[in-house]
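Let's take a walk through this structure and see how its helices sit against one another. After that, we'll look at its pocket.

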Amino acid sequence: MPRQISYRWRLRELMAARGMFTVAELMPHLTERGITLSSSQVHRLVSGTPERLSLPVLATLCDILDCTPTDLIATSAQNLPGRRAAGEEAPINLAARRPARVRLTPEG
């Protein structure tokens, strides 16, 4: 059965829980741990959901926020309904598709 996996990036929530509300407050913590990102890169990291993230940046964020990757990335999965195979379509009601038989009677 196919599954749909989704995730939620919680960096902004965890920053707020620790009293950090701006990118400027996060940047010095990154720099002192050897991560050099521009302010626009950090802004995108905080305000959006990254498609890709390097492990050193993830580890540094976890160290700064005193959390685990599981705290930063909340995942969920759900089963999707299976797709029907070519022969598994709903049965066709032939009686509904067949024209009604015409009965001819003499006029009179």
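Start with α2 and α3, whose crossing is right-handed (clockwise turn of the near helix from the far one, by less than a right angle). The two touch through V23, L26, M27 and L30 of α2 and S39, V42, H43 and V46 of α3, where contact means heavy atoms within 4.5 Å. Six of these contact residues are nonpolar, two are polar and none is charged. Helices here are DSSP runs (H or I, at least four residues), numbered from the N terminus.

This is a predicted model, so local features need pLDDT of at least 70 and side-chain atom pairs pLDDT 80 or more, while totals for chains, interfaces and linings use all residues. Residues are numbered from 1 along each chain as its sequence is written, and side-chain values use heavy atoms, leaving out hydrogens and water.

Now swing over to α4 (residues 55-65): α2 packs with α4 at an angle of about 115°, with their axes 10 Å apart. That makes α2 roughly perpendicular to α4 (65 to 115 degrees). Here L26, H29 and L30 of α2 meet T60, L61 and I64 of α4.

What lines the largest pocket? The lining is L37, Q41, R44, L45, G48, T49, P50, R52, L53, S54 and V57, each with an atom within 4 Å of a pocket point; a pocket is an open set of points on a 1 Å grid, for a 1.4 Å probe, with protein on both sides within 12 Å along at least five of seven lines. Helix α3 (residues 39-47) gives the most, three residues.

Conventions. Ala, Val, Leu, Ile, Met, Phe, Trp, Tyr, Cys and Pro count as nonpolar, Asp, Glu, Lys and Arg as charged, and the others, Gly among them, as polar. Axes are lines fitted to C-alpha atoms, for helices over the stretch in contact, and angles run from 0 to 180 degrees between N-to-C directions. Angles under 35 degrees count as roughly parallel, over 145 as roughly antiparallel, 65 to 115 as roughly perpendicular and the rest as oblique.
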